[in-house]
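Got your viewer open? Let's take a short walk through this model, one selection at a time.

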Amino acid sequence: MWLSVWLSGFIEPLESTAIHMIDHAVRWLTEHMPTRDIAPSLRSRYNRQMDKLYDEVLEFICLHYRLGNRTDDQYWIDARTEMKIPDRLAENLELWQHRLPMPHDIEFATLFDYRVYQTVLLGKQVYDTGYGPGIRDRLRPLKKPIWFQWWKGAKVDLAQILKSMPDHKTLLRDIRGELDQPGFGMAAAMKPTVPMPCAEAVPCMIQNMPSFSEIENGQKDLQLF
């Protein structure tokens with residue numbers, strides 16, 4: 001019973017996070033249930049992690065309702081003025097009237113970190129409507145050279161990450177335990193950090209992925225989707 005509830009993974013359609021939550025539930029399950037003998041400490045830690053995950057999503061959803069500006073229906077008005085929100089979110093909303101969200105404001109984030117909260121606050125233009133007087137004037141203007149410099153660095157970082165990732169078929173075979181030498185997941189994490197004497201490194205081949213030099217030289221672009 002302690003497992004079946006967590007595998008539903010759906011709160012409401014505004015932020016459809018079911019796939020993300022189910023994925024984490026299954027991943028954490030494999031970590032906390034390595035055998036059929038489920039120790040109480042493993043069960044408690046798993047449930048605690050899932051509690052935090054659901055609280056994370058709940059707080060982010062409540063943020064949208066609390067900052068809603070629709071007045072065409074009583075539902076949205078009540079959601080903004082009458083709905084009870086988690087204490088931690090209420091505390092953060094008071095804090096964010098004086099500055100933007102910072103990393104340490106979000107205690108647990110698998111998906112919605114402080115940058116996502118910044119995006120919502122700025123995207124909903126709450127600082128243009130008197131939510132935090134003076135904050136808008138203190139924001140650093142985003143000029144094109146700054147943006148392009150950041151994006152160039154982000155593409156380089158993503159290219160390095162993708163070089164170490166498997167193609168879809170290889171990842172599925174690894175999850176199914178069909179690889180002679182697992183390269184990902186828990187099996188990979190438990191391998192030695194240095195090769196054994198006389199062992200030859202096995203390169204990880206990634207299908208249909210441009211090389212780092214091709215991306216760096218502008219010959220090919222890094223397409224994520």
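## Stop one: leucine 121 and its company

Select leucine 121 and show what touches it: setting aside neighbours within four places in sequence, this leucine is in contact with Leu67, Trp96, Pro101, Val126 and Tyr127. Keep in mind as you look that this is a predicted model. Leucine 121 sits in helix H5. Is it buried or exposed? Leucine 121 has a relative accessible area of 0%, so it counts as buried, the cut-off being under 20%. While you're here, pick leucine 100 too: it is 21 residues from leucine 121 along the chain, and the two C-alpha atoms are separated by 8.4 Å.

## Stop two: H5 meets H2

Now colour helix H5 (residues 114-123) and helix H2 (residues 40-66); their axes come within 11 Å and cross at roughly 10 degrees. That angle is why H2 counts as roughly parallel to H5. The crossing of these two helices is right-handed. Which residues make the contact? On the H2 side, show Glu56, Glu59, Phe60, Leu63 and His64. On the H5 side, show Val116, Tyr117 and Val120. Sort the contact of H2 with H5 by class and you get 5 nonpolar, 1 polar and 2 charged residues.

## Stop three: phenylalanine 10

Next, jump to phenylalanine 10, in the segment before helix H1 (18-32). Here the relative accessible area is 44%, so phenylalanine 10 is partly exposed. Which residues does it touch, leaving aside neighbours within four places in sequence? Show Ser16, Ala18 and Tyr54, and you have them. Tyrosine 54 deserves a click of its own: phenylalanine 10 and tyrosine 54 are 44 residues apart in sequence, yet their C-alpha atoms are 9.2 Å apart in space.

## Last stop: colour by confidence

Finally, switch the colouring to pLDDT. The protein chain averages 79, and 75% of the residues score at least 70. Where is confidence highest, and where is it lowest? Select helix H4 (residues 87-95) for the highest, at a mean of 95, then helix H9 (residues 185-189) for the lowest, at a mean of 50. Then try residues 1-5: pLDDT there is below 50, and the stretch has 8 contacts in the model beyond near neighbours in sequence. Residues 201-207 also stay under 50, and for them the model has 10 contacts beyond four places in sequence.

Definitions and conventions
Residues numbered from 1 in each chain as written. Predicted model: local features only at pLDDT ≥ 70, side-chain atom pairs only at ≥ 80, totals over all residues. Heavy atoms only, no water. Axes fitted to C-alpha atoms, helices over the stretch in contact; angles between N-to-C directions. Helix = DSSP H or I, 4+ residues; strand = E, 2+ residues; numbered from the N terminus. Parallel < 35°, antiparallel > 145°, perpendicular 65-115°, else oblique. Left-handed = near helix turned anticlockwise from the far one by under 90°. Contact = heavy atoms within 4.5 Å. Nonpolar A, V, L, I, M, F, W, Y, C, P; charged D, E, K, R; others polar. Buried < 20%, exposed > 50% of the residue type's maximum accessible area, 1.4 Å probe, protein only. pLDDT = per-residue confidence, 0-100.
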